[in-house]
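Trainee: Could we go through this protein together, starting from its surface and working inward?

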Amino acid sequence: MITNTDLTIYNKRGVDKETARPIYFRTQIKGVNFYTKQEVQTTDKGLASSDLYKIRIPEDADTQGKQYIDADAYGKLTDQEAEGYWTINNGDLFGRGLLNDFEKESEFLKRQYTGKVLSFSDNRRGGLPHWRIGGA
């Protein structure tokens, strides 16, 4: 698989009890395939455009020592345990590149992330094992 960039994924962990904002944990992944397609639609208010993303993360991508775990198992981990894992789930956020500025609360992320995970699949069987993310 040809890789063309790096990725930062933000996994939602819960809600802060004091601020009522979602909390995210960050994982930086080196060596992914990132494709953007711009969609344009004609509406009664004129043209509307949006970006659609297809991301493929090779199974052997550098996740800085974190192991992949499915979303259900990830949700059952304590925050301390979750620091060693990453996952993909609908609603998670992602950013193109290795994004270093980070706060766990969503207000900061709204200014920083590239897209939101809308679909994903585990394609680790076959000749090119990878995870696929569809987002916007």
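Trainee: What share of the area that the protein exposes do carbon and sulfur atoms supply?

Mentor: This is a predicted model, in which local features need pLDDT of at least 70 and side-chain atom pairs count only at pLDDT 80 or more, while totals for chains, interfaces and linings use all residues. Residues are numbered from 1 along each chain as its sequence is written, and side-chain values use heavy atoms, with hydrogens and water left out. By the Shrake-Rupley method with a 1.4 Å probe, the protein exposes about 8,200 Å², and the share from carbon and sulfur is 44%.

Trainee: In what order do the helices and strands run from the N terminus?

Mentor: Taking DSSP runs, with helices as H or I of at least four residues and strands as E of at least two, the protein has three helices and eight strands. From the N terminus on, their order is β-β-β-β-α-α-β-β-α-β-β.

Trainee: Which residues have the most contacts inside the largest nonpolar core?

Mentor: Such a core joins buried Ala, Val, Leu, Ile, Met, Phe, Trp, Tyr and Cys residues through side-chain atoms within 4.5 Å, where buried means under 20% relative accessible area with a 1.4 Å probe, protein chains only. The largest has 16 residues, and those with the most contacts (heavy atoms within 4.5 Å) are Ile-57, Trp-86, Ile-88, Phe-94 and Ile-133.

Trainee: Which elements give two or more residues to this core?

Mentor: Another core, of six residues including Phe-25 and Tyr-74, lies apart from the largest one. For the largest core, the elements are strand 1 (5-15), strand 2 (22-43), strand 3 (46-58) and strand 8 (130-135).

How values were computed:
Buried < 20%, exposed > 50% of the residue type's maximum accessible area, 1.4 Å probe, protein only.
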